[in-house]
Structures are given as structure tokens and as C-alpha cells.
Amino acid sequence: MHQIRLTCPIGELLLVAQPEHLLGVWFADQSGIPAWATVAAPNPELPLLCQTALQLEQYFAGVRQRFDLPLDLSRGSAFEQAVWGALAGIAPGQVCSYLDIARAIGRPRAARAVGGALGRNPIGIVLPCHRVLGKKGQLTGYTGGVARKQALLDLEARWAAA
């Protein structure tokens with residue numbers, strides 16, 4: 001495993017990958033980063049990490065709305081993988097609720113468990129858990145912090161307005 005750190009407008013990101021798959025994108029100061037990610041060897045030359053950094057820079061510059069990266073979600077349970085996979089279906093500039101995700105994966109009574117799975121999303125921003133709101137549209141917990149969640153939503157709202 002390899003890692004790099006990327007400074008973005010809302011904080012420093014920790015990117016972790018193997019040569020063929022992206023394993024993680026976390027805010028470097030957030031809690032809950034798995035120990036295996038923090039001990040990955042720094043490697044600013046790994047092509048996938050360079051590509052991930054480029055796509056994230058393009059995202060924050062407003063020129064990229066979707067990511068095209070090979071992901072490895074195998075460290076999650078089957079339920080978590082289903083939840084994380086559903087995130088990819090939320091269009092940029094759109095939002096949904098925890099209940100919407102629960103319904104999308106065929107588990108309509110699991111909205112609370114969806115929230116837990118989102119809190120363990122290993123590939124933040126790329127898998128847009130920031131687009132998931134409470135059922136009344138309220139901002140709720142985000143492992144990177146609610147202010148960052150709002151900043152990401154504000155960035156994407158500019159795309160929808162353009």
C-alpha cells in the first residue's frame with residue numbers, strides 16, 4: 001500500500017492505494033482512519049495516486065463532476081459495500097436521504113445502519129456520502145465535519161446553477 005497527502009481547499013486529504021485500486025480518501029485530521037491506511041508507505045510517484053490527486057484537484061477547481069478511478073471496497077461488509085456502491089448513483093449537485101439509500105439497496109428499514117456505513121466510507125468525496133442528508137433535508141454527521149459537508153454541497157450547487 002502507498003499513500004500521499006493532498007492539500008485541498010477544505011483541508012488535507014490522505015489518499016491510499018495499491019497499484020491497481022484506490023483504497024481510501026480521508027481528511028487527514030478526521031477520526032476513524034483505519035490503522036492500515038496510516039502506515040502505508042509514502043509514494044508520490046504511484047500513477048494511481050497521481051491520477052486520484054489530479055481528479056480531486058479538477059473537482060475542487062469545478063472542472064470535474066465525476067471520478068473515473070478503480071476502487072477497492074473489499075474491506076467493508078457486504079452491507080457496507082452495497083451502501084457505498086449506491087453512493088455512486090447520486091448525481092453531482094443532487095442529494096438524497098439515508099432512507100433513500102436504504103431503499104435503493106433493498107433494505108428500507110435500515111436507514112440508521114446506512115448512516116453507520118456512511119460513517120465508515122473509505123473513499124470520501126469520490127464516493128459522495130456528503131450528498132446524503134437527513135430525511136427532512138438537514139445536514140447530519142459527516143466524518144470530515146459538517147462544515148466540510150456544507151462546503152462540498154456548496155461547490156456542487158454551483159455546478160447545478162451553471
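The exercises below work through the strands, the nonpolar cores and the enclosed spaces of a predicted model.

**Exercise 1. Establish how strands S1, S2 and S3 are connected and paired, and trace the bridge partners of leucine 14.**

Step 1. Begin with S1, which covers residues 2–8 and is joined to S2 by 7 bridges, the two strands running antiparallel. The connection between S1 and S2 is a hairpin, with 2 residues lying between the strands.

Step 2. Continue to the other pairing of S2, in which 5 bridges join S2 to S3, again with the strands running antiparallel. Here too the connection is a hairpin, and S2 passes into S3 through 4 residues.

Step 3. Now follow individual bridges: arginine 5 has leucine 14 of S2 as its bridge partner, and leucine 14 in turn is partnered by tryptophan 26 in S3. A further bridge from threonine 7 leads to glutamate 12 in S2.

Result. Leucine 14 is thus bridged to arginine 5 and also to tryptophan 26 of S3.

**Exercise 2. Determine which strand pairs with S1 in the parallel sense, and decide whether S2 is largely enclosed or open.**

Step 1. The parallel partner of S1 is strand S4, made up of residues 41–42, and the pairing extends over 2 bridges. One residue pair that shows this is histidine 2 with its bridge partner alanine 41 in S4.

Step 2. For S2, which spans residues 11–17, count the buried residues, taking buried to mean under 20% relative accessible area. Of its 7 residues, 6 are buried, and S2 is therefore largely enclosed by the rest of the structure.

**Exercise 3. Describe the largest nonpolar core, and place leucine 87 within the structure.**

Step 1. The largest nonpolar core contains 44 residues, and those with the most contacts inside it are Leu13, Leu15, Leu56, Phe60, Leu87, Ile101 and Ile125. Two or more residues of this core come from each of S1, S2, S3, H2 (47–61), H3, H4 (98–104), H5 (111–119) and H6 (146–161). The largest share, 6 residues, is contributed by H2.

Step 2. Apart from this core lies another one of 7 residues, among them Val16, Leu23, Trp26 and Ile33.

Step 3. Leucine 87 belongs to helix H3, and its relative accessible area of 0% means that leucine 87 is buried. Once neighbours within four places in sequence are set aside, leucine 87 is in contact with Ile101, Leu118, Asn121, Leu127, Pro128, Cys129 and Val132.

Step 4. As a check on distance, compare leucine 87 with leucine 23: the two are 64 residues apart in sequence, and their C-alpha atoms are 16 Å apart in space.

**Exercise 4. Decide whether serine 97 is buried or exposed, and list its contacts beyond its sequence neighbours.**

Step 1. Serine 97 is located in strand S5, which consists of residues 96–97.

Step 2. The relative accessible area of serine 97 is 9%, and because the limit for a buried residue is under 20%, serine 97 counts as buried.

Step 3. With neighbours within four places in sequence left aside, the contacts of serine 97 are Val132, Leu133, Gly134 and Lys135. Val132 also appears among the contacts of leucine 87.

**Exercise 5. Characterise the two largest pockets and the largest cavity by volume, lining and residue class.**

Step 1. The largest pocket has a volume of about 210 Å³. Its lining comprises 17 residues, with Pro34, Trp84, Arg120, Asn121 and Pro122 lying nearest the centre. The elements that give two or more residues to this lining are S3 (22–27) and H3 (78–87). By class, the lining of the largest pocket divides into 6 nonpolar, 7 polar and 4 charged residues.

Step 2. The second largest pocket holds about 170 Å³ of space and is lined by 14 residues, of which Arg66, Phe67, Ala88, Val126 and Pro128 lie nearest its centre. The lining of the second largest pocket consists of 10 nonpolar, 1 polar and 3 charged residues.

Step 3. The count of cavities of 30 Å³ or more is 1, and the largest cavity has about 80 Å³ of space. Among the 13 residues that line the largest cavity, Val25, Gln30, Gly124, Tyr142 and Thr143 lie nearest its centre. S3 provides the largest share of this lining, 3 residues, and the classes are 8 nonpolar, 5 polar and no charged residues.

How values were computed: Residues are numbered from 1 along each chain as its sequence is written. This is a predicted model: local features need pLDDT of at least 70, side-chain atom pairs count only at pLDDT 80 or more; totals for chains, interfaces and linings use all residues. Side-chain values use heavy atoms; hydrogens and water are left out. On a 1 Å grid over the protein atoms alone, a cavity is a set of points where a 1.4 Å probe fits but cannot get out, and a pocket is an open set with protein on both sides within 12 Å along at least five of seven lines; lining residues have an atom within 4 Å of a point. Grid points are joined across faces, edges and corners, and a volume is the space filled by probe spheres set on the points. Ala, Val, Leu, Ile, Met, Phe, Trp, Tyr, Cys and Pro count as nonpolar, Asp, Glu, Lys and Arg as charged, and the others, Gly among them, as polar. Buried means under 20% relative accessible area, exposed over 50%, partly exposed in between (1.4 Å probe, protein chains only). Two strands pair if DSSP finds at least two bridges between them. Contact means heavy atoms within 4.5 Å. A nonpolar core is a set of buried Ala, Val, Leu, Ile, Met, Phe, Trp, Tyr and Cys residues joined through side-chain atoms within 4.5 Å.
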